[in-house]
Amino acid sequence: MYTPKRVITLGQFIIERQSDFPYAKGELSRLLRDIGIAAKMVNREVNKAGLVDILGDYGNTNVQGEEVKKLDVYANEQFISALSSGGETCAVASEENEEMVPINSEISKNAKYLVAMDPLDGSSNIDVNVSIGTIFSIYRRTTLSGPSNLSDFMQKGTEQVAAGYVIYGSSTMMVYTTGKGVNGFTLDPSIGEFCLSHPDMKIPKLGFIYSVNEGNYAHFPVGVKKFIKFCQEEDEKSKRPYSSRYIGSLVADFHRNLLKGGIYIYPATAKSPKGKLRLLYECNPLAFIVEQAGGKASDGFNRILDIQPTSLHQRTPLFIGSPDMVSKAEELMMRFSQVSTS
Ligand code: AHG
Ligand code: MN
Ligand code: MN
């Protein structure tokens with residue numbers, strides 16, 4: 001007899017797992033649901049991106065004389081609006097807003113959660129039909145009452161209660177963790193639901209892919225140069241050389257490496273001595289996910305999740321992925337930390 005396979009939607013999964021949450025009252029579940037809804041709206045718009053020639057360029061005026069919002073601005077507004085009307089978020093820190101955005105809606109007055117996000121990551125890839133994403137990180141506020149303030153966001157990554165990303169790729173997926181493993185959901189466009197497709201994701205201990213913008217090679221620290229050379233060496237036993245893969249969308253590069261095994265590096269360079277990527281809404285959420293999947297995330301010397309933030313948009317170098325590869329890169333960073341040229 002044919003028994004249909006049980007499809008578990010994101011909504012069902014969140015409800016079933018609600019008791020996993022330390023302070024479960026359904027609030028975090030609702031917040032994750034709100035993020036899922038905003039992601040679907042952004043997905044719809046991202047899918048239309050190729051039509052800009054017909055509908056009007058982003059940032060310009062369309063044929064109806066309306067302003068066409070840039071997709072990162074659109075995504076930012078969509079997420080903030082979903083989080084405001086959801087009632088569980090008291091403040092948002094976003095790549096698109098210089099200052100933190102307090103949520104003052106009536107239903108949010110008892111809200112306990114903070115969200116840090118990169119509403120659209122990899123935005124330089126929008127116009128060329130290449131995968132982009134959204135990254136988010138959720139904390140509990142530390143101030144007890146009154147309006148939330150900046151100090152609420154100055155928590156280490158270890159304090160995250162949940163984190164995730166959405167990848168708008170050949171299919172759209174949401175991957176998240178609440179500290180009990182990592183689960184991935186693929187959007188079924190025919191029913192408009194994220195469905196559990198990748199339960200309990202684990203990153204291979206050792207991968208065979210390295211992802212770094214080698215155009216900046218001349219300005220890399222010696223440890224990174226040595227690691228790249230290590231990846232390129234011929235060695236049959238350790239299956240080297242590894243493959244180089246770099247999309248230029250952190251979410252997409254990270255997602256591929258999470259599934260296949262690999263390392264993504266955005267080091268400090270002479271041009272950006274603190275690296276390029278942002279601690280609060282790019283590095284911390286992915287670090288939480290990778291650790292939950294059995295991987296590692298480091299700034300080259302220390303664990304990303306242990307960095308004490310001091311400002312909203314602070315940057316950090318990032319080495320993230322398969323644990324054996326990140327450890328090898330750290331070893332070379334340490335060994336050559338005093339050397340200024342290769
Ligand atoms: P964003 O589009 O949110 O500004 O992020 C872009 C980031 C990241 O997604 C990507 O991995 C990295 O920038 C690429 O930088 P380079 O072009 O310097 O390699
Ligand atoms: Mn980004
Ligand atoms: Mn962005």
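This report walks through a predicted model, from its two domains to its metal site, one of its helices, its salt bridges and a few unusual backbone spots.

**Two domains**

Let us start with the overall layout. The domain assignment splits the chain into domain 1 (10-198) and domain 2 (209-335). Taken over C-alpha atoms, the centres of domain 1 and domain 2 are 24 Å apart. The contact between them involves 46 residues of domain 1 and 30 residues of domain 2. As for area, about 2,800 Å² is buried between domain 1 and domain 2, with carbon and sulfur atoms giving 67% of that. Between domain 1 and domain 2 the count of salt bridges is 0, while the structure as a whole holds 16 salt bridges.

**The manganese site**

Which residues coordinate the manganese ion (ligand 2)? The donors come from D118 (OD), D121 (OD) and E282 (OE), at 1.9 to 2.2 Å. Along the chain, the donors of this manganese ion (ligand 2) follow the spacing D-x2-D-x160-E. D118 also serves as a bridge between the manganese ion (ligand 2) and the manganese ion (ligand 3), and these two ions lie 3.8 Å apart. D121 belongs to strand β3 and E282 to helix α7 (residues 279-292), so this pair ties together parts that are 161 residues apart in sequence. Both D121 and E282 are buried.

**Helix α4**

Helix α4 covers residues 71-86. With 16 residues, α4 reaches 22 Å from its first C-alpha to its last, close to the 22 Å expected at 1.5 Å a residue. Is α4 mostly covered or mostly uncovered? It is mostly covered, since 12 of its 16 residues are buried. Among the buried residues of α4 are L71, Y74, F79, I80 and L83, together with D72, N76 and Q78. The partners that the buried residues of α4 pack against include α2 (27-47), β1 (89-94) and β2 (101-102). Further partners are β3 (113-121), β4 (132-140) and β5 (162-168); β3 is also the strand in which D121 lies. Just after α4, G87 takes a positive phi of about 85°.

**Salt bridges**

Three of the salt bridges are set side by side here.

| Pair | N to O distance | Relative accessibility |
|---|---|---|
| R240 and D235 | 3.5 Å | R240 12%, D235 28% |
| D306 and R303 | 3.4 Å | D306 39%, R303 33% |
| K328 and E331 | 3.6 Å | K328 22%, E331 37% |

In the first row, R240 counts as buried because its relative accessibility of 12% is under the 20% limit. Its partner D235, at 28%, counts as partly exposed. The pair is part of a wider arrangement, as E233, D235 and R240 are linked in a network of salt bridges.

In the second row, D306 is partly exposed at 39%, and R303 is partly exposed at 33%.

The third row belongs to a helix: K328 and E331 both lie in helix α8 (residues 323-335), 3 residues apart, which is about one turn. An α-helix has 3.6 residues a turn, so residues three or four places apart point the same way. K328 is partly exposed, with a relative accessible area of 22%, and E331 is partly exposed too, with 37%. To give a sense of span, E331 and N47 are 284 residues apart in sequence and 42 Å apart in space, C-alpha to C-alpha.

**Backbone points to look at**

Where is the cis peptide bond that has an omega of about 10°? It joins R240 and P241, so to place it in the fold, P241 lies in the loop between α5 (222-232) and β10 (243-244). R240 has already appeared as the salt-bridge partner of D235.

K239 is found in the loop between α5 and β10 as well. Phi of K239 is near 55°, a positive value in a residue other than glycine. How exposed is K239? At 55% relative accessibility, K239 counts as exposed.

D200 also has a positive phi, of about 45°, although it is not a glycine. D200 sits in the loop between β8 (193-198) and β9 (209-211). With a relative accessibility of 47%, D200 counts as partly exposed.

Technical notes
Residues are numbered from 1 along each chain as its sequence is written. Chains are lettered from A and ligands numbered from 1 in the order in which they are written. This is a predicted model: local features need pLDDT of at least 70, side-chain atom pairs count only at pLDDT 80 or more; totals for chains, interfaces and linings use all residues. Side-chain values use heavy atoms; hydrogens and water are left out. Helices (H or I, at least four residues) and strands (E, at least two) are DSSP runs, numbered from the N terminus. The expected span of a helix is 1.5 Å times one less than its number of residues. Buried means under 20% relative accessible area, exposed over 50%, partly exposed in between (1.4 Å probe, protein chains only). Contact means heavy atoms within 4.5 Å. Donors are N, O and S atoms within 2.8 Å of the metal (3.2 Å for Na, K and Ca); water is not among the atoms, so sites may look incomplete. Domain bounds come from an automatic or database domain assignment. Buried area is the accessible area (1.4 Å probe) that two parts lose on being put together, summed over both. A salt bridge is a side-chain nitrogen of Lys or Arg within 4 Å of a carboxyl oxygen of Asp or Glu.
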